[in-house]
Structure formats: structure tokens, C-alpha cells
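Please look over the sequence and the structure below before reading on. The paragraphs that follow go through charged pairs, a ligand and cysteines.

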Amino acid sequence: MIYLHVPFCKSFCTYCDFYSEIPEKGMFDLYTDQVCKEIRVRAKEMDNSLRTRYLGGGTPSLLPLANLTQILLTLEECGHGGPYEEFTLEANPEDIVEKGLPYLQSLKMLGVNRMSMGVQSFNDELLHWMNRRHNSEGALEAFRLVREAGFDNVSIDLIFGLSNLSDQVWEETINKAIELDPEHISCYQLTVEGDNVLAHRLESGEYEEASDQVCRRQYDILCAKMAAAGYNHYEISNFAKPGFEAVHNGGYWQRHPYVGLGPAAHSFSGRSRNWNDSVLDGYKNTKEALTVEDEKVETLMLALRTARGIDGEFLFANCQKEDINRLMKEGALVKVGRRYRIPEDHFFVSDQIIRELI
Ligand code: SF4
């Protein structure tokens, strides 16, 4: 599994706290040189047992094709070429519309077989408030182009839990997403973190966070609509048509080793986690070994976010029997075969349930 972080954005979204740069002359080439150098140094760390590639960001759709090709060729030279079971590229709708079909067809030729589009909302007022570059019409056109180019595995990202998102607008947004019939939909609850525009608005009183009740209600609306439309709620924030669950992200939740390339990318070796500095030029990699306790907590946290849940033997070996039994009595944990999971109607409070177990 390889993750490539592409840390460029043309503008910054109100709520975003990721490391990213506004591209200036020479930056794409500098980035590409650094990543190719990193690939050569870290080629031996790359595990090919799960052949997935994920280009995330930032905005990978900003990276010129020539640079992407150079990175993929370097991977190939180092023994990590295609074919890929899943190769996802995160794209901004505006880039897709601007670059058009030839761009999408080239991505296909490079092996990309899954597109993940950051739509976030189909309401123009909200998109403007989020400082997104596209509008609702642009998102629809981008989706149409992606389909025309022949992508048959498309994911859409949406955001809920904003105090200025009414239930009605949220329902309309979900309906529009369902009408497009993507294979996968990811829905994230807005959180105010770090030092960004939204955090400043919150501090100055210009923005007020949505209450827990509002977030819960919007999450319930989402779950009901997705189920009615035939999507499988396979992870807290993710819904897929049968057979289209994300393989790469599934690898994260099952603690499969992966190598993260590029500035600010994180990696996992099975026994340690490491991360690259958030700088474009000369970033270094820092490694942190995991303790037995870290491994236990991670395994529980990641597995219990999913509908697949956790192996019963692991659960009973690492958590208190009384806590498990109590949570089962409360309906916060259910047994499915040899595994235990948090049922969908308790997904919203999964953090609290997991905290009670650890
Ligand atoms: S949300 Fe995505 S597109 Fe927006 S600033 Fe953050 S990384 Fe860039």
C-alpha cells in the first residue's frame, strides 16, 4: 500500500488544517524530485501484498501529468509498478472541469481506477462559505466528465455538522449525491481543529459550532437515506455500493503496513509509525515505535469504526469482560459470528464506546 501526499492547494478551505502550499513556479518539480529521491531510499520498505495506491492531499488533481508520470515511473523502476488493485486519486471538481476529458483519459492510462471527488456540498452558499473553488454546477459537470472518461468507481466526499447547514439543505445535498449514483460516498462531520479560518471565526464569535443534537440528527438523516439507496454503511464515515468498499482505507483500518510518500505523509510498518516533516524541501522522516498498549488501542479503535468489527478473542483478551457485557446489554456492542461490532445506531457515539473499552 502506498500513499502519496500531494501538498498543493490553489486556495485554502475555511475548515482545513492540512499541510498544503499554494503552488509557485518550480514547486511541482521540486516536489517531484524530492518524492523520487524518497522512493529510491525507501523502496525496500514498500510492501506489495496489498497493491493499492492512494494520491491524497492537498489537491492531487493540481499535479501536472508529467510530474505524476515521473513519480510512477520511479516507483516502477524500484519494483513497485502496476497493475494496482485500487489506485485512487483525490480530485477537486474545478480541476476536472478545467482540465477536461484528455486529463481524465491520461489518468486512466496511468492506472488510476478510482476517483474521489471533494464535493462537500451541493449548496452554492455553503460552498462559498467553505471557500471551495467549485460550485454545485461544477461538481455535477465534473462527475459527468469522470463518467464519460469511463471511471466506474467514483467516490464523493460530503460534509455535515455545520451550524449553518439546515436539515433541509443537508437532505437536498444527500439526494443530489444519490441521484448521481456514485459507487462510494464519504461523509465527514465538521470539526474545528488547529489554526484555520474557521477556528478564528469561532474564537471571534463569528461562528458557533453545531450542537451534538444537530450533528446527530444530520447523521441519522444520512444513515437512513444511504440505507434506502442501497449503500452499505461499512465504516463510521463511509458508505459503498456492494463490492465498492475502499480497499486502501480498509487496509488502514486493518492495520496493514503502508508507506506514505511526500511532505507530511504518514507511514505504518506494523510495529512503528513514522511521518515526514511538513516542508517541501528536504523533509525528513521521524519514526516512533509503538508499545504493546499503543497497538492494542489502535487495533480496537480502528476495527470498531467498521461494520466488520473486532475479533472476539482479541476483544476479550484486551478489555474487561464486565465492560463488554454491559455495553452489549445497552445495545452499544453486538456479536456477529466470532466478531463484535458497534451497531449502526451507535456509530455516532463510537468514540465514547471505545473509550469505555480501553
Ligand atoms: S480541504 Fe482539501 S482542498 Fe481544501 S484546503 Fe484542505 S487540502 Fe486543500
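**Charged pairs, a ligand and cysteines**

In this predicted model, Lys241 has a relative accessibility of 18% and therefore counts as buried. Its salt-bridge partner is Asp181, and the closest N and O atoms of the two are 2.4 Å apart. Asp181 sits in the loop between α6 (167-180) and β6 (184-189), while Lys241 belongs to the loop between β8 (238-240) and α9 (247-253), and the pair links distant parts of the chain that are 60 residues apart. Unlike a buried residue, Asp181 is partly exposed, because its relative accessible area is 38%, which falls between the limits of 20% and 50%.

The structure holds 22 salt bridges, and a second one to look at joins Asp95 to Arg133, with the closest N and O atoms 2.9 Å apart. Asp95 lies in helix α3 (residues 93-109) and Arg133 in the loop between α4 (124-129) and α5 (136-148), so this pair ties together parts that are 38 residues apart in sequence. Asp95 is buried, with a relative accessible area of 1%, and Arg133, at 18% relative accessibility, counts as buried too.

A third pair consists of Glu77 and Arg40, whose closest N and O atoms are 3.6 Å apart. Here the link runs between two helices, since Glu77 is in helix α2 (residues 65-77) and Arg40 in helix α1 (residues 27-42), 37 residues apart. Glu77 is exposed, with a relative accessible area of 59%. Salt bridges can also share partners, and in this way Asp323, Arg326, Glu330 and Glu356 are joined into one network.

We turn next to the ligand. Around the ligand stand Cys9, Ser11, Phe12, Cys13, Tyr15, Cys16, Phe18, Gly58, Thr59 and Arg132. When the residues of this shell are sorted by character, six are nonpolar, three are polar and one is charged.

Finally, how many disulfides does the count come to? The count is zero, where a disulfide would need two cysteine sulfur atoms within 2.5 Å. Cys78, for example, is in no disulfide, and the nearest cysteine sulfur, that of Cys36, is 8.7 Å away. At 23% relative accessibility, Cys78 counts as partly exposed. For Cys223, the closest cysteine sulfur is in Cys187 at 8.9 Å, which is too far for a bond, and Cys223 itself counts as buried, at 8% relative accessibility.

Definitions and conventions
Residues are numbered from 1 along each chain as its sequence is written. This is a predicted model: local features need pLDDT of at least 70, side-chain atom pairs count only at pLDDT 80 or more; totals for chains, interfaces and linings use all residues. Side-chain values use heavy atoms; hydrogens and water are left out. A salt bridge is a side-chain nitrogen of Lys or Arg within 4 Å of a carboxyl oxygen of Asp or Glu. Helices (H or I, at least four residues) and strands (E, at least two) are DSSP runs, numbered from the N terminus. Buried means under 20% relative accessible area, exposed over 50%, partly exposed in between (1.4 Å probe, protein chains only). A residue is near a molecule or strand if one of its heavy atoms lies within 4 Å of it. Ala, Val, Leu, Ile, Met, Phe, Trp, Tyr, Cys and Pro count as nonpolar, Asp, Glu, Lys and Arg as charged, and the others, Gly among them, as polar.
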